[in-house]
Amino acid sequence: MDAGGTATRALVTTLDGERLGEAWAGGANPNTHGPEHAGEQLTEAIGAALDRAGPSARDAVAATVVGLAGYSGLRDDSVRTRLDRALAKAGLAPTGQEFTGDDTVAFAAGTLERDGTVLIAGTGAIAARIEDRRRTRSADGMGWLIGDEGSAFWIGHQAARETARQLGRGGELSPLARAVAKHVIPGQRPSGPDRWPEEHARNFARTLTAAPPVSLAELAPLVTDAHALDDGAAVVIVNAAAGHLAQSVHQVRVPGEPLPVVLSGGVLLGSAPVREALTHKLTMGTGAPVVMAGCTAGGAAWLAALQAGADERDPDLHEVFTRPEG
């Protein structure tokens with residue numbers, strides 16, 4: 001299971017990677033959604049996946065791995081108890097269960113190696129050093145208010161700031177600002193003697209402020225689109241995002257080490273400009289492989305299969321479990 005902040009995916013497989021059942025639910029990060037809501041999402045996703053796997057699936061489960069965003073929250077015994085109860089409610093036996101971080105399953109989705117680095121850049125962003133398939137160090141992952149630099153939220157925030165500046169100046173908007181303004185305040189134009197450009201910009205800002213902060217992440221794809229049109233501000237934002245993400249990776253790595261770097265998350269999957277700029281920065285002066293994670297729920301299932309006796313050095317088996325969708 002890959003239980004993220006935005007969505008949760010449960011996957012039931014055989015020990016050789018055949019997919020028997022899968023299901024989705026909402027975000028299950030106990031730190032951001034609370035343990036009660038997180039538990040409900042875990043129960044919903046696991047229960048539905050097991051139902052789809054067949055009537056005997058619950059009795060046949062050999063091992064379970066849950067990659068959980070907000071894994072640190074399990075240090076609170078009451079949170080751990082609530083999430084354990086969620087798994088039991090879905091029909092899982094209490095033996096053979098393991099909670100780990102979503103960064104651990106993302107790393108496993110990209111490589112069968114035990115050691116290396118994983119970078120997750122989605123709505124938020126975090127880099128983690130993985131040793132023996134456990135996080136030993138991390139950088140960023142501080143949340144949208146003071147961190148998550150290079151994430152979809154950060155990129156969207158930069159796009160919104162650039163759009164507000166251009167709206168406040170008046171005149172023709174760049175492709176980026178035009179797309180962002182159309183997304184946030186569709187159809188609105190400054191008009192009349194009392195509608196100065198700066199008031200138009202303030203209305204744009206008020207509209208964003210009234211929405212949940214995380215909604216700024218929705219603007220990130222517009223930066224990628226504008227980058228393709230050589231929008232100057234979009235180019236700056238993309239390069240800055242890649243720089244921040246590379247810095248997070250460098251904070252948890254030993255300079256020059258040859259261990260793999262696994263990239264995961266919606267920003268790196270959906271934005272070729274950010275991914276390419278980041279890969280260039282990470283491979284300068286080192287031969288370390290930089291790879292994209294495959295199916296992260298498949299990575300969790302592979303880790304569960306290892307607990308049940310699967311061969312950890314079989315690359316073909318790893319590929320079967322972690323192959324991307326589509």
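Me: Two helix axes count as roughly parallel when the angle between them is under 35 degrees. Why, in this predicted model, are α2 and α4 called roughly parallel to each other?

Reply: The axes of helix α2, residues 35-53, and helix α4, residues 77-89, cross at roughly 20° and come within 8 Å. Set against the cut-off, which asks for an angle under 35 degrees, that crossing qualifies, and α2 and α4 are therefore roughly parallel to each other. The crossing of α2 over α4 is a right-handed one.

Me: Which residues of α2 and α4 meet, and how do they divide by class?

Reply: From α2 come Pro35, Glu36, Ala38, Gly39, Glu40, Leu42, Thr43 and Ile46, and from α4 come Val79, Arg82, Leu83, Ala86, Leu87 and Lys89. The residues of this contact divide into eight nonpolar, two polar and four charged.

Me: Why is α10 called oblique to α12?

Reply: Helix α10, residues 232-252, packs against helix α12, residues 272-283, at an angle of about 45°, and their axes are 8 Å apart. An angle under 35 degrees would count as roughly parallel, one over 145 as roughly antiparallel and one from 65 to 115 as roughly perpendicular, with the rest called oblique. The value of about 45° falls into none of those ranges, and for that reason α10 is oblique to α12. α10 passes α12 in a right-handed crossing.

Me: What makes the contact between α10 and α12, residue by residue?

Reply: On the side of α10 the contact is made by Val238, Asn239, Ala242, Gly243, Leu245, Ala246, Val249 and His250, while α12 supplies Pro273, Val274, Ala277, Leu278, Lys281 and Leu282. Sorted by class, these are ten nonpolar, three polar and one charged residues.

Me: Why is strand β7 described as largely enclosed by the rest of the structure?

Reply: A residue is called buried when its relative accessible area is under 20%. Six of the seven residues of β7, which covers residues 125-131, are buried, so the strand is largely enclosed by the rest of the structure.

Me: How do you know that β7 pairs with β6 and with β8?

Reply: Two strands pair if at least two bridges are found between them. Strand β6, residues 116-121, is paired with β7 in the antiparallel sense over six bridges, and six bridges also join β7 to strand β8, residues 134-140, again running antiparallel. Both pairings therefore satisfy the requirement of at least two bridges. In the first, Ala121 stands opposite Ala125, and in the second, Ile130 stands opposite Arg135. β6 and β7 form a hairpin with three residues between them, whereas the hairpin of β7 and β8 has two residues between its strands.

Me: What makes Asp132 and Asp148 notable in their phi values, and are they buried, partly exposed or exposed?

Reply: Asp132 is a residue other than glycine with a positive phi, near 55°, and Asp148 likewise has a positive phi of about 55° although it is not a glycine. Asp132 lies in the loop between β7 and β8, and its relative accessibility of 46% lies between the limits of 20% and 50%, so Asp132 counts as partly exposed. Asp148 is in the loop between β8 and α6, and Asp148 is called buried because its relative accessible area is 8%, which is under 20%.

Me: Why is His318 called buried, and why is Leu269 called exposed?

Reply: His318, in helix α14, residues 315-322, has a relative accessible area of 7%, and since buried means under 20%, the name applies. Leaving aside neighbours within four places in sequence, His318 is in contact with Ala108, Ala109, Gly110, Thr111, Leu112 and Trp302. Leu269, in helix α11, residues 266-270, has a relative accessible area of 63%, and since exposed means over 50%, that name applies in turn. Not counting residues up to four places away in sequence, Leu269 touches Arg275 and Met292. The C-alpha atoms of Leu269 and Met292, which are 23 residues apart along the chain, are separated by 7.9 Å.

Me: What makes β3 and β5 edge strands?

Reply: The open sheet of five strands runs in the order β3-β2-β1-β4-β5, with mixed pairing. β3 and β5 are its edge strands, as each pairs on one side only.

Conventions
Residues are numbered from 1 along each chain as its sequence is written. This is a predicted model: local features need pLDDT of at least 70, side-chain atom pairs count only at pLDDT 80 or more; totals for chains, interfaces and linings use all residues. Side-chain values use heavy atoms; hydrogens and water are left out. Axes are lines fitted to C-alpha atoms, for helices over the stretch in contact, and angles run from 0 to 180 degrees between N-to-C directions. Helices (H or I, at least four residues) and strands (E, at least two) are DSSP runs, numbered from the N terminus. A crossing is left-handed if the near helix is turned anticlockwise from the far one by less than a right angle, and right-handed if clockwise. Contact means heavy atoms within 4.5 Å. Ala, Val, Leu, Ile, Met, Phe, Trp, Tyr, Cys and Pro count as nonpolar, Asp, Glu, Lys and Arg as charged, and the others, Gly among them, as polar. Buried means under 20% relative accessible area, exposed over 50%, partly exposed in between (1.4 Å probe, protein chains only).
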